[in-house]
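Here is a short report on one helix, a few loop residues and the cysteines. Look at the model first, then read on.

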Amino acid sequence: MKKIVLLVAFCLGIGSAFAQQDANALRDAGDAALKAKNYAEAVAKYSEYLKLTDYKDTVRIYNCAISANQAKQYEEAAKFFDMAVKYNYNLDDSYTGEAMAYRNLNKTEEFVATVKAGLEAVPGNTNLEKLLYSYCMKQGQAAQKKGDLANAEAMFKNVLLASNKKYQENALYSLGVMMYNEGATILQKATPIATTEPDKYAAEKAKADEAWKKAKEYLDQALALNPSNANAKKVADAIAASQK
């Protein structure tokens, strides 16, 4: 009976050795594919290797994420960059890579959450702030063009997560101008009924005033960051004149 037990243990040891050899071969194949810029192959080999080794090789997790991004396999890139983040590995680039993957997937909620977490972990990360600014300003402008002001406002306000004062100023100015234009549009549409339907006009005028109030708050914040912003001052003066 003892011999049978020893034999079974010996066989298991051989199996484990072969499994390790297989894993090492996959790891080396992934490294070679990455070096050759064969990114899709690198993702395939690294994925198999990491699965066999229970996702404990942080270097290859990161390499797999980089390869997936290059291969435009953005779901995989986001997954592996997130693993790297959880291992606290190369946080600057791991958070940036994950954010880029979500940007390319146009997953706004995940993108913003990743950038926010990244800026909390690595305050002032210039790559993350640049990604945040370019993506959110573009999305905000697109939403504004469609008339989706709520979404546009949310996207512009996301930029305020950045510490870059110029980014903040531009976002606040965009918010101010958007709300000013909204107030002006409301009032323009209501003007024809000013005498015929005074109550309805008053209700619309109140909406315009509320939009202008928000516009002034945003513009005042932009001017606090940069008092020489002539465009922001011009719009703020127009709002003040409308209140007289």
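## Helix α11 and its surroundings

What covers the buried residues of α11 includes α9 (165-190) and α10 (198-225). The model is a predicted one.

Helix α11 spans residues 230-242, 13 residues in total. From its first C-alpha to its last it reaches 18 Å, close to the 18 Å expected at 1.5 Å a residue. Its buried residues are Ala232, Val235, Ala236 and Ile239. Seen down the axis of α11, these residues fall within an arc of 100 degrees, so they line one face of the helix. In an α-helix there are 3.6 residues a turn, so residues three or four places apart point the same way. Ala230 and Lys234 are exposed on the other side of α11.

The start of α11 has a polar contact. There, a side-chain oxygen of asparagine 229 comes to within 3.3 Å of the backbone nitrogen of asparagine 231.

## Loop residues with positive phi

Two residues that are not glycine have positive phi.

| Residue | Phi | Loop | Relative accessible area |
|---|---|---|---|
| Tyrosine 55 | about 55 degrees | between α2 (39-52) and α3 (58-70) | 25%, partly exposed |
| Asparagine 90 | near 45 degrees | between α4 (74-86) and α5 (91-105) | 33%, partly exposed |

## Cysteines

How many disulfides are there? With sulfur atoms required to lie within 2.5 Å, the count is 0. Cysteine 64 has 0% relative accessibility and counts as buried. Cysteine 136 is also buried, at 0% relative accessibility. Buried here means under 20% relative accessible area.

Note on methods: Residues numbered from 1 in each chain as written. Predicted model: local features only at pLDDT ≥ 70, side-chain atom pairs only at ≥ 80, totals over all residues. Heavy atoms only, no water. Helix = DSSP H or I, 4+ residues; strand = E, 2+ residues; numbered from the N terminus. Expected span 1.5 Å × (residues − 1). Buried < 20%, exposed > 50% of the residue type's maximum accessible area, 1.4 Å probe, protein only. Arc of directions from axis to C-beta. Contact = heavy atoms within 4.5 Å. Polar contact = N/O pair within 3.5 Å; in protein donor to acceptor, adjacent residues only side chain to side chain.
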